[in-house]
Amino acid sequence: QDWCVQAMREGLGRKFTGTSNCLIAMRREVEAIGTNAHELPMVYCALAPDDAALARAPYEVLSDWHEEHEGNLRIILPDTYGTKGFLENAPDWLAGWTGIRVDSGDPAAAAEIAIDWWISRGEDPAQKRVIFSDGLDVDKIAELHARFSGRVKVSFGWGTLLTNDFRGLVPDDALAPFSLVCKAVSANGRPTVKLSDNPEKAMGPPEEIARYKRVFGVGAQQPVEVVV
């Protein structure tokens, strides 16, 4: 990671804006950047006493975040329980946040949903930031930049396939990266759930996944291979 940060600084110059690795940020004197994480709504939702409280929980956590943070830290991560439904039911004040992070499903489709949502809430998408962060490589970054540059402020959270892209270099693709994430699994003895915009990324007991899909109105989803 440290070598990659140095390479990005040299190759991208001012277009490289920082790293979420706080230790490397400190050592290399670059900005430590990032967004809130899926664990926050997962824990708030796990603690909800009933379905009505469950439906409110993803917005309550962002209301609390709103009180603590501003500017570039006001980035919505909407896919924990489905981006489309989350935005459709979001309070108006949330549209005033700085931007959105796209972390699952079809990234172009999610960005288009966000653009339509901002317009419907009277916001100018060209003033909003979209951070793509799911399984990015050079080709995907170039494709998304070509489609959305000028329509929104485009950013990329490039991780595994920057620091660990050895696909196709050895027999049986033995050095290919795999998906490894850390998530809260329970809160006060209640299981946590994450649905995502990709059913392949869903986490939690099957009966709770079904309940969350019902509460958040998540219908059929298109499976997408999880690369990292």
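Visitor: Is Tyr-212 buried or exposed?
Guide: Happy to start there, keeping in mind that this is a predicted model. A residue counts as buried when its relative accessible area is under 20%. Tyr-212 has a relative accessibility of 1%, so the label for Tyr-212 is buried.

Visitor: What kind of pair do the rings of Tyr-212 and Phe-216 make?
Guide: Phe-216, at 15% relative accessibility, counts as buried. Tyr-212 and Phe-216 sit 4 residues apart in helix H9 (residues 206-216), about one helical turn. Their ring centres are 6.1 Å apart with the planes at 45°, so the pair is tilted.

Visitor: Which residue joins Tyr-212 and Phe-216 in a cluster?
Guide: Ring pairs link these two residues into a cluster with one further member. That member is Tyr-81.

Visitor: How many aromatic pairs are there, and how many residues apart are Tyr-59 and Phe-86?
Guide: The count comes to 8 aromatic pairs. Among them, Tyr-59 and Phe-86 are stacked, at 4.8 Å centre to centre with 25° between the planes. This pair links distant parts of the chain, with Tyr-59 in helix H4 (residues 51-68) and Phe-86 in helix H5 (residues 83-88). Their separation is 27 residues.

Visitor: Why does Cys-22 form no disulfide, and how far is the closest cysteine sulfur?
Guide: Good one! Cys-22 is exposed, with a relative accessible area of 55%. A disulfide needs two cysteine sulfur atoms within 2.5 Å, and a search of the whole structure finds 0 disulfides. The closest cysteine sulfur, in Cys-182, is too far from that of Cys-22 for a bond, because the distance is 15 Å.

Technical notes: Residues are numbered from 1 along each chain as its sequence is written. This is a predicted model: local features need pLDDT of at least 70, side-chain atom pairs count only at pLDDT 80 or more; totals for chains, interfaces and linings use all residues. Side-chain values use heavy atoms; hydrogens and water are left out. Buried means under 20% relative accessible area, exposed over 50%, partly exposed in between (1.4 Å probe, protein chains only). Rings of Phe, Tyr and Trp (its six-membered ring) pair if their centres lie within 6.5 Å; planes under 30 degrees apart count as stacked, over 60 as edge-to-face and the rest as tilted. Helices (H or I, at least four residues) and strands (E, at least two) are DSSP runs, numbered from the N terminus.
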